[in-house]
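Let's take a walk through this structure, contact by contact. Keep the coordinates open and follow along.

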Amino acid sequence: MNGEDQIQKAYEAILGHDFELAIEWFEKAIAAEPDNAAYHYKLSITFARSNKLVQAIEHATKALELEAGNEVYRYHLQVLHARELVDRAQKELSTESEHAERAIFLLKEAIVLDPLAIEAYLILGEVFALRNDYVRAYQTILEAIRLEPNHELAKQQAARYKRKLKS
């Protein structure tokens with residue numbers, strides 16, 4: 001069985017919503033063709049969808065190493081790094097409130113890497129609100145709404161921050 005046959009099996013597993021099996025098939029495809037960047041990229045996507053961010057980054061990095069000029073792979077890796085920064089910011093916030101500055105920095109970096117990272121905007125807005133900086137909280141959430149106009153949580157946060165600004 002060559003790599004393509006195993007990739008096909010991985011897609012069949014995905015269609016059956018068996019992502020763990022899909023990961024196994026992608027790994028078998030990589031074992032058959034370790035220098036195939038596309039296989040690493042596809043495995044990375046599956047790991048990311050399974051919330052296995054460390055493994056997703058590892059394979060996205062490998063894909064980009066194998067095809068350094070591939071902008072799709074580069075962007076995918078940036079998005080994964082942005083998710084990693086959001087996760088780190090959430091951990092900073094869950095430990096102690098004095099880590100807010102560090103969380104703000106991480107969230108802003110995540111937005112630089114992935115300007116469409118709605119979750120980063122939502123958390124950043126909430127951090128500003130916790131610091132009673134409703135002007136920046138509102139501005140941040142308006143940017144999220146600009147990117148995703150029908151996002152319910154963002155609209156709720158915007159309304160809440162707007163009320164705080166008026167009071």
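Start at D133 and R136, whose side chains meet in a salt bridge, 3.4 Å from N to O. Keep in mind as you look that this is a predicted model. How open to solvent are the two partners, D133 and R136? D133 comes out as partly exposed, with 23% relative accessibility, and R136 also counts as partly exposed, at 34%. The general idea is a familiar one: side chains of opposite charge can pair when their charged atoms come close.

Just before that spot in the numbering sits R131, and it has a partner of its own. The side chains of E101 and R131 form a salt bridge with an N to O distance of 2.5 Å. This one links distant parts of the chain: E101 belongs to helix α6 (residues 100–113), while R131 is in the loop between α7 (118–130) and α8 (134–147), and the two are 30 residues apart. Both ends are partly exposed, E101 at 48% relative accessibility and R131 at 40%.

For a more local arrangement, go to E71 and R74, another salt bridge, this time at 3.5 Å from N to O. Why are these two separated by about one helical turn? Because they are three residues apart in helix α5, which covers residues 71–95. E71 is exposed, with a relative accessible area of 53%, a value that lands over the 50% cut-off. R74, at 31%, counts as partly exposed. Taken over the structure, the count of salt bridges comes to seven, the pairs above being among them.

Stay on helix α5 a little longer and find R88, which is placed there too. R88 is partly exposed, with a relative accessible area of 38%. Leaving aside residues up to four places away in sequence, which residues does R88 touch? The answer is R102 and L106. Look also at L107: R88 and L107 are 19 residues apart in sequence, and their C-alpha atoms are 8.9 Å apart in space.

Now for the aromatic side chains. A search of the whole structure turns up three aromatic pairs. One of the pairs is Y11 with F26, in an edge-to-face arrangement: the ring centres are 6.0 Å apart and the planes make an angle of 85°. Y11 lies in helix α1 (residues 3–15) and F26 in helix α2 (residues 19–32), so this pair ties together parts that are 15 residues apart in sequence. The partners differ in their surroundings: Y11 is partly exposed, at 34% relative accessibility, whereas F26 is buried, with a relative accessible area of 1%.

Compare that with Y134 and Y161. Their ring centres are 6.3 Å apart and the planes sit at 45°, so the pair is tilted. Y134 lies in helix α8 and Y161 in helix α9 (residues 152–166), so here the parts being tied together are 27 residues apart in sequence. Are these two tyrosines buried or exposed? Y134 is buried, with a relative accessible area of 18%, which falls under the 20% cut-off. Y161 counts as buried as well, at 1%.

Back to α1 and α2, where there is more to see than one ring pair. How do the axes of α1 and α2 run relative to each other? They come within 8 Å and cross at roughly 170°. That makes α1 roughly antiparallel to α2. Along the interface, the α1 residues G3, Q6, I7, K9, A10, Y11, A13 and I14 meet F19, L21, A22, W25, F26, K28, A29 and A32 of α2. So Y11 and F26 turn up again here, as part of that wider set of contacts. Two other α2 residues from the list deserve a look: the charged end of K28 sits over the ring of W25, 4.4 Å from the ring centre.

Finish inside the protein, at S44 in helix α3 (residues 37–49). S44 is buried, with a relative accessible area of 0%. Which residues does S44 touch, once those up to four places away in sequence are set aside? They are A56, H59, A60, H76 and L80.

Notes
Residues numbered from 1 in each chain as written. Predicted model: local features only at pLDDT ≥ 70, side-chain atom pairs only at ≥ 80, totals over all residues. Heavy atoms only, no water. Helix = DSSP H or I, 4+ residues; strand = E, 2+ residues; numbered from the N terminus. Buried < 20%, exposed > 50% of the residue type's maximum accessible area, 1.4 Å probe, protein only. Contact = heavy atoms within 4.5 Å. Salt bridge = Lys/Arg side-chain N within 4 Å of Asp/Glu carboxyl O. Phe/Tyr/Trp six-rings, centres within 6.5 Å; stacked < 30°, edge-to-face > 60°. Lys NZ or Arg CZ within 6 Å of the ring centre and 35° of its normal. Axes fitted to C-alpha atoms, helices over the stretch in contact; angles between N-to-C directions. Parallel < 35°, antiparallel > 145°, perpendicular 65-115°, else oblique.
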